[in-house]
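Here's a casual walk through how some labels in a protein model get earned. Take a look, then follow the questions.

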Amino acid sequence: MTISLETKVPMLHDFHSYLYQPDWRYMESKEKYKQVLEDFPTISLEFRNLAKVYQDVTADICHKMGAGMAEFLQKKVDSLQEWDKYCHYVVGLVGIGLSRLFSVLELEDPIIGQDTELANSMGVFIEKTIIIRDYLEDQLAGREFWPREVWSRYAKKLSDLAKPENIDVAVQCMNELIINALHHIPDVLTYLSRLKTQSVFNFCAIPQVMAIATLVACYNNKQVFRGVVKIRKGQAVTLMMDATNIQAVKSIMYQYVEEIYWKIPSKDPSSNKTQQIIVSIQTICLPNGTVVSRNHYSPIYLSCAVLLAALCWQYLSAMSEDVQANEN
């Protein structure tokens, strides 16, 4: 964040090309991750040691993400369409890049890498959840990522939602954004239903069920505007151990949207829309939706699954925060 826009914007556009330059490094950063830039030749060397097909995917995603970051450095998120676009740049592209690698590695069928719309939804759903959850943290840091198109109907300034006298409309605004995020779940379920490699499924599914659990914790919850809202550790561990097949994930999704359904306030302006999307999701999830018992798996498998999921969720959350900070 200490780098001027005049320097940063061209660097973001060109960053993908630095992967092919053995001596490129940046020595003027004062941020905590400056070592990454100062020792970038080590990273780029490893990149160039990859097979060309993997290089092509990685460089292409870096190129697109850099352009997207540069774009939103110079503007705020106004419309819902721009919110989708912003989330695409931050995490949607990660979903697309990983999906292409899954296919290139022949861990998954070609359709996984080709259907970029579904892959994008996997990332966008996670990013929207993080943005909704982190309202107060972002406000305290001077960052704004809620779309103006929505919050402007509830307040004159986004920061006004944090005022105690505005808590009721603040919650209504958040509920509307949660509804928007829920619309990605059908894509998420379709994507997961196509996966055939267990490790890939775990890697992809666990952050998704963590996201829906987080949205449920946030829905109609005034605490989002007063402090930190997180799911319980025991709840997180249970999700990590259970989300190992598509039927289990559908059952988890069904149960969580059911929980939202019973939380819907009768006077909430978005109550009808909330009911509609929940019924739609439950219709998809209902057939054979049974949670798989964790007792079916060995302790070693569970330990690996928990570690994998924890690292994945932590990585995506941290990456989102870092990208948002840089774009601020």
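A cavity here is a set of grid points where a 1.4 Å probe fits but cannot get out, and lining residues have an atom within 4 Å of a point. Keep in mind that this is a predicted model.

Q: Which residues line the second largest cavity?
A: They're Lys76, Val77, Asp78, Glu144, Trp146, Arg148 and Trp151. The space inside is about 40 Å³, and the structure holds three cavities of 30 Å³ or more.

Q: How does the lining of the second largest cavity divide into nonpolar, polar and charged residues?
A: Three are nonpolar, none is polar and four are charged. Val and Trp count as nonpolar, while Asp, Glu, Lys and Arg count as charged.

Q: What makes Phe15 and Trp24 an aromatic pair, and of which kind?
A: Their ring centres are 5.9 Å apart, and the limit for pairing is 6.5 Å. The planes meet at 85 degrees, and over 60 counts as edge-to-face, so edge-to-face it is.

Q: Why is the pair of Tyr261 and Trp262 called edge-to-face?
A: Their planes sit at 85 degrees, with the centres 5.5 Å apart. Over 60 degrees counts as edge-to-face, so the name fits.

Q: Is Trp24 buried or exposed, and why?
A: Trp24 has 14% relative accessibility. Buried means under 20%, so Trp24 is buried.

Q: Why does Trp262 count as exposed?
A: Its relative accessibility is 66%. Exposed means over 50%, so Trp262 gets that label.

Notes
Residues numbered from 1 in each chain as written. Predicted model: local features only at pLDDT ≥ 70, side-chain atom pairs only at ≥ 80, totals over all residues. Heavy atoms only, no water. 1 Å grid on protein atoms, 1.4 Å probe; cavity = no way out; pocket = protein on both sides within 12 Å on 5 of 7 lines; lining within 4 Å. Points joined across faces, edges and corners; volume = space filled by probe spheres on them. Phe/Tyr/Trp six-rings, centres within 6.5 Å; stacked < 30°, edge-to-face > 60°. Buried < 20%, exposed > 50% of the residue type's maximum accessible area, 1.4 Å probe, protein only.
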